[in-house]
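Open the model in your viewer and switch to a cartoon view. The tour below goes from stop to stop; at each one, make the selection and then read what is there.

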Amino acid sequence: GFASPEELMSSRTDIARQVYVNPEQREEFKRRMEQEGVVKGFEYEVYRKDGSRLWFRENARAERDAGGQILYYVGTVEDVTASKRAEEALRASERKFRDLLEHLPVAVRIVRAGKLEFVNPADARLHGYESPAEEIEIDAPFAHLAPEDVERMKEYSQKRAAGEEAPLLYEVGHVRKDGSEITVEV
């Protein structure tokens, strides 16, 4: 946001506090340069002239004098603000989605090749488990199905995997933790 490099350099006398949003990151950068002489992919947030923020990714190396003292740093800085904002938006969306699934009163599960990949707490409760993790520990294909429905579900699974049409709404028997059977609508 500065008109020139000179304006930037003359207005910023304390890089750690006036440039870096988190001054500890400046100290970390300097520590790594002193110890390793190089940084790769070092990400940090900075203030613009107007106070708004940007994210930078820096690759740099230390130039030293004959006695090993650092004279200056040479490197490149890339503005990665857009990707950082996209990552945060994705994390926020994932948190909302996870929160929805965790608190939804109906059972939700993801089954791939007959194996449970995900169940929400409502599904665990419905099937008599203390937690989703306990239910997912069942590591046998189609173990959650009533024996009489296994072949039908294998057929549906194979059809879907092949891109063929298979019923999207059906009833099927499920086995609870205690061995009892329930009928669920999928």
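**Stop 1: the sheet**

This predicted model contains an open sheet of 3 strands, in the order β1-β2-β3, with antiparallel pairing. Select residues 38-47 for β1 and 70-79 for β3: these two strands stand at the edges. Each has a single partner strand, so one side of each is left without a neighbour in the sheet. Now turn the view until you look across the strands. Neighbouring strands are turned by 35° against each other on average, with direction ignored.

**Stop 2: the pairing of β2 and β3**

Add residues 53-64, which form β2. How many bridges join β2 and β3? The two strands pair in the antiparallel sense over 9 bridges. Two residue pairs can be picked out here. Select E63 and then Y72 in β3, its bridge partner. Next select R57, which stands opposite E78, again in β3.

Follow the chain from β2 into β3. This hairpin has 5 residues between the strands. Among them is G68, which takes a positive phi near 90°.

**Stop 3: the helices on the sheet**

Keep the sheet on display and select residues 23-36, helix α3. Which strands does helix α3 touch? Helix α3 packs on the sheet and touches β1, β2 and β3. The direction of helix α3 makes about 165° with that of β1.

Then select residues 81-103, helix α4. Helix α4 also packs on the sheet, touching β1, β2 and β3. Its direction makes about 125° with that of β2.

**Stop 4: a nonpolar patch**

Switch to a surface view and select L71, Y72 and V74. Together they make a nonpolar surface patch of about 280 Å². You have met Y72 already, as the bridge partner of E63. Is L71 buried or exposed? L71 lies in strand β3, and its relative accessibility is 52%. The cut-off for exposed is over 50%, so L71 counts as exposed.

**Stop 5: a loop residue**

Leave the sheet and select E137. E137 is in the loop between α6 (132-136) and α7 (150-161). With a relative accessible area of 64%, E137 is exposed.

For the last selection, add G173 and draw a distance from E137, C-alpha to C-alpha. How far apart are the two in space? They are 20 Å apart in space and 36 residues apart in sequence.

Terms used
Residues numbered from 1 in each chain as written. Predicted model: local features only at pLDDT ≥ 70, side-chain atom pairs only at ≥ 80, totals over all residues. Heavy atoms only, no water. Pairing = 2+ DSSP bridges. Helix = DSSP H or I, 4+ residues; strand = E, 2+ residues; numbered from the N terminus. Axes fitted to C-alpha atoms, helices over the stretch in contact; angles between N-to-C directions. Contact = heavy atoms within 4.5 Å. Patch = residues over 30% accessible without salt bridge, like charges linked within 9 Å, V, L, I, M, F, W, Y side chains within 5 Å. Areas by Shrake-Rupley, 256 points an atom, 1.4 Å probe, with all protein chains shown as cover. Salt bridge = Lys/Arg side-chain N within 4 Å of Asp/Glu carboxyl O. Buried < 20%, exposed > 50% of the residue type's maximum accessible area, 1.4 Å probe, protein only.
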